Every structure is written in structure tokens, then in C-alpha cells.
Amino acid sequence: MILQKGDLCFARTQATFDKLGNFTLIDELNESETISQHLSKIHPTKHVSSEYLCAYLNSKFGKRQMCIASYGDTRVELTHNQTKEIKVI
């Protein structure tokens, strides 16, 4: 996937819940930045601020929802469908 300015990028596969879903706001790009299969991106709509979304998802409320939605025995994972289940206030 190609990243765009304002996207949020996060690790969807990690060893522990603490490392899962650390969201980063993409504010600068080189040409044609891409991401691997272990990362995902969220492209916020014009109705949601990228900064707010990043702060919320990195908060204890966002992290708790990720812990509930994720699964895995040896590695914790958030699928695209599980990511869609996270509710943003």
C-alpha cells in the first residue's frame, strides 16, 4: 500500500499487547512510500482529524479495545476486520 500524508500507520502483528498498534501519524513523505504486510494504515475521512484519531488510538481506551479485538497464541495480531471493530468516541 502506498502511504499518503495524514495516514496513520501501525504494526498489526507484534510479540506482546504493549507493542501492538502503536499508531504513527504520517506527516512527511518521500516519493512512493510503501508499507509491508505487518503494518497497516488508516486513511481518515475528512470528518475525522488525523491528529485526534492518532491520539485516541494510542490512549488507554484505544489500546484496551485493541487488546480485546486481537488474537494469537505466539504473536498478537489485529486483522483488518478487527481493526474496523474499534470504536472511536
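**Exercise 1. A bridge partner in the sheet**

Task: In β4, which residue is the bridge partner of F10?

Solution. In this predicted model, the bridge partner of F10 is S40 in β4.
- Step 1: place the two strands. β1 covers residues 8–11, and β4 covers residues 39–42.
- Step 2: look at how they are joined. β1 and β4 run antiparallel, with 4 bridges between them.
- Step 3: turn to the other neighbour of β1. Strand β3 (residues 24–25) pairs with β1 in the antiparallel sense over 2 bridges, and here L8 stands opposite L25.

**Exercise 2. The whole sheet**

Task: What is the order of the strands in the open sheet?

Solution. Let's put the pairs together.
- Step 1: the open sheet has 3 strands in the order β3-β1-β4, with antiparallel pairing.
- Step 2: β3 and β4 are the edge strands, as each of them pairs on one side only.
- Step 3: a word on what holds such a sheet together. Strands of a sheet pair through backbone hydrogen bonds, in either a parallel or an antiparallel sense.

**Exercise 3. Two faces of β1**

Task: Are the residues on the two faces of β1 buried or exposed?

Solution. Take one side at a time.
- Step 1: on one side of β1 sit L8 and F10, and both are buried.
- Step 2: on the other side are C9 and A11, which are buried too, so that both faces of the strand are covered.
- Step 3: compare with a residue in the neighbouring strand. L25 is found in β3. With a relative accessibility of 24%, L25 counts as partly exposed, because buried requires under 20%.
- Step 4: check a distance across the strands. The C-alpha atoms of L25 and C9 are 6.6 Å apart, although 16 residues separate them along the chain.

**Exercise 4. The salt bridge**

Task: With which residue does K41 form a salt bridge?

Solution. The structure holds 1 salt bridge.
- Step 1: name the partners. K41 pairs with D7, and their closest N and O atoms are 3.6 Å apart.
- Step 2: ask what the pair connects. K41 lies in strand β4 and D7 in the segment before β1, so the salt bridge ties together parts that are 34 residues apart in sequence.
- Step 3: see how open each partner is. K41 is partly exposed, at 23% relative accessible area, whereas D7 is buried, at 0%.
- Step 4: recall the general idea. Side chains of opposite charge can pair when their charged atoms come close.

**Exercise 5. Lining the pocket**

Task: Which elements give two or more residues to the lining of the largest pocket?

Solution. Begin with the pocket itself.
- Step 1: the largest pocket holds about 280 Å³ of space.
- Step 2: 15 residues line it, and those closest to its centre are I42, L53, L57, T83 and K84.
- Step 3: the elements that contribute two or more residues to this lining are β4, α1 and α3 (80–84).
- Step 4: sort the lining by class. It has 8 nonpolar, 5 polar and 2 charged residues.

**Exercise 6. Two residues outside the strands and helices**

Task: Is I2 buried or exposed, and what about P44?

Solution. Locate each residue, then read its accessibility.
- Step 1: I2 is found in the segment before β1. At 53% relative accessibility, I2 counts as exposed.
- Step 2: P44 is found in the loop between β4 and α1. P44 has a relative accessible area of 13% and is buried.
- Step 3: add a distance for each. The C-alpha atoms of I2 and K41 are separated by 9.2 Å, with their positions 39 residues apart along the chain. For P44 and C54, 10 residues apart along the chain, the C-alpha separation is 9.9 Å.

**Exercise 7. The chain and its confidence**

Task: Which element has the lowest mean pLDDT, and which the highest?

Solution. Start from the overall layout.
- Step 1: the protein chain has 3 helices and 5 strands, in the pattern β-β-β-β-α-α-β-α along the sequence.
- Step 2: of its 89 residues, 37% count as buried.
- Step 3: the chain averages a pLDDT of 78, and 78% of the residues score at least 70.
- Step 4: strand β2 (residues 13–14) has the lowest mean among the elements, at 70, and helix α1 (residues 50–57) has the highest, at 91.

How values were computed. Residues numbered from 1 in each chain as written. Predicted model: local features only at pLDDT ≥ 70, side-chain atom pairs only at ≥ 80, totals over all residues. Heavy atoms only, no water. Buried < 20%, exposed > 50% of the residue type's maximum accessible area, 1.4 Å probe, protein only. Pairing = 2+ DSSP bridges. pLDDT = per-residue confidence, 0-100. 1 Å grid on protein atoms, 1.4 Å probe; cavity = no way out; pocket = protein on both sides within 12 Å on 5 of 7 lines; lining within 4 Å. Points joined across faces, edges and corners; volume = space filled by probe spheres on them. Nonpolar A, V, L, I, M, F, W, Y, C, P; charged D, E, K, R; others polar. Salt bridge = Lys/Arg side-chain N within 4 Å of Asp/Glu carboxyl O.
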